[in-house]
Amino acid sequence: MCPITTDLSRADPKITDHSGGRLTIDLDAIADNWRMLAKLASHEDGSGACAGVVKGNAYGLGLEPVSKALWNAGCRTFFVALPQEAFELRGYLSEAAIYCLGGLTPGGAKDFTTCDVRPVLNTMEEVQEWASTGSQHLAALHVDTGMTRLGLALEETEALASNKALMGQLHLSHVMSHLACADTPDHPLNDQQIENFARVRALFPDIAGSLANSPGTLQDARFRHDLARPGIAIYGGQSMVPAPIKLNPVIRLEARVMQIRSAKAGAAVGYGAARTLDRDSRIAVLGVGYADGYHRLVGNTDDTETLRPHVRFNGRAAPLVGRVSMDLIAVDVTEPDFDDLRPGMFVTMIDETITVDVVAGWANTIGYEVLTGLGQRYARTYVGS
């Protein structure tokens, strides 16, 4: 068997790193971010808990190492999106409370009880199926308060609350909803959802409530209730600006220099000849592209030059040149600051200065998409925890 791995945390130190890029994930920074969010979620009377949302492979950073780091930091409740994520997570954390936001797969309730996974019930069909199991296992009830996505309608919720026999079969731990616009604090839908959720909670006075996502957790107690559910904030992403606390960056992304070449003024660089050099230049070609999750729209063409997307070497910015292709990126290293750069060395693409949100701005997207889209070809190293 070939002993080479792209996960440097498990690699034989005698084996050469052949990767085009490397991704360093700071588990201590993730744990510290969760602790800060948990402090915000805590009420003066000592109530108020904070979960960890680890869906999407822990936002692309690795479900097993991230969930274990959060557990070691004190997190005891976890949310994922899909059943297979929940079942996998149970293999890493035997004692955690694990909720599946996507709810029950039709006919799949037995698997949830077997793995002690708590479904978030989103429809009356799911409610009926869970009640029919006769199980004492817990579940959560999701009510749509204004997002028009998953969850029971308010009218369905009122009918359920009045059905004492059915309620007695459900064993609900939480009633919850999801905020649509909390990252825009002055959006009128926030107040509407707060009001609607208050109506819901009044229907279930003895059941804990959960409403706050990352921006809700970062705002005030109106959103937090008994259990906050931050996601992107745990991973250092901006979910609202300005934020009341300074979250730690958790990743460092670097790209290997594959080649350094000279090019004359007037030469076109990359696909579509989309960038024309206006001077004699020195170009470094990097071993990362959109197959690695570095968005194609980050490219610096003749039409987008004002965006100034760049990478860094020794603290100096090297602007991208031309389009991002599947496996390669070109950057301008003409200036004397880059005289020491050589093939095989690494330049920085994301860190505490060039954050995922900065890269997202260049790509006209959001930090969530940049983070969750980081590919599998990077040599991954976990530090801390």
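Contact here means heavy atoms within 4.5 Å. On that basis, in this predicted model, His 142 touches quite a list of residues beyond its neighbours within four places in sequence: Val 120, Leu 121 and Asn 122, then Leu 150, Gly 151 and Leu 152, and finally Met 176, Ser 177 and His 178. His 142 itself belongs to strand β7, which spans residues 139-142. With a relative accessibility of 9%, His 142 counts as buried, because the cut-off for that label is under 20%.

His 142 also turns up in the wall of a cavity. Rolling a probe the size of a water molecule over the atoms shows where empty space is left. The search gives 1 cavity of 30 Å³ or more, and the volume of the largest cavity comes to about 40 Å³. Besides His 142, its lining takes in Val 143, Asp 144, Thr 145, Met 147, Arg 149 and Leu 150, along with Ser 177 and His 178. By character, that lining splits into 3 nonpolar, 4 polar and 2 charged residues.

Now for the backbone. Most residues other than glycine have a negative phi. Thr 148 goes the other way, with a positive phi near 55°. Thr 148 sits in the loop between β7 and α7 (154-162), and it is exposed because its relative accessible area, 67%, is over 50%.

Asn 364 is another non-glycine residue with a positive phi, in this case about 60°. Its place is the loop that runs between α12 (356-362) and α13 (367-372). Asn 364 has a relative accessible area of 70%, so it is exposed as well.

How values were computed: Residues numbered from 1 in each chain as written. Predicted model: local features only at pLDDT ≥ 70, side-chain atom pairs only at ≥ 80, totals over all residues. Heavy atoms only, no water. Helix = DSSP H or I, 4+ residues; strand = E, 2+ residues; numbered from the N terminus. Buried < 20%, exposed > 50% of the residue type's maximum accessible area, 1.4 Å probe, protein only. 1 Å grid on protein atoms, 1.4 Å probe; cavity = no way out; pocket = protein on both sides within 12 Å on 5 of 7 lines; lining within 4 Å. Points joined across faces, edges and corners; volume = space filled by probe spheres on them. Nonpolar A, V, L, I, M, F, W, Y, C, P; charged D, E, K, R; others polar.
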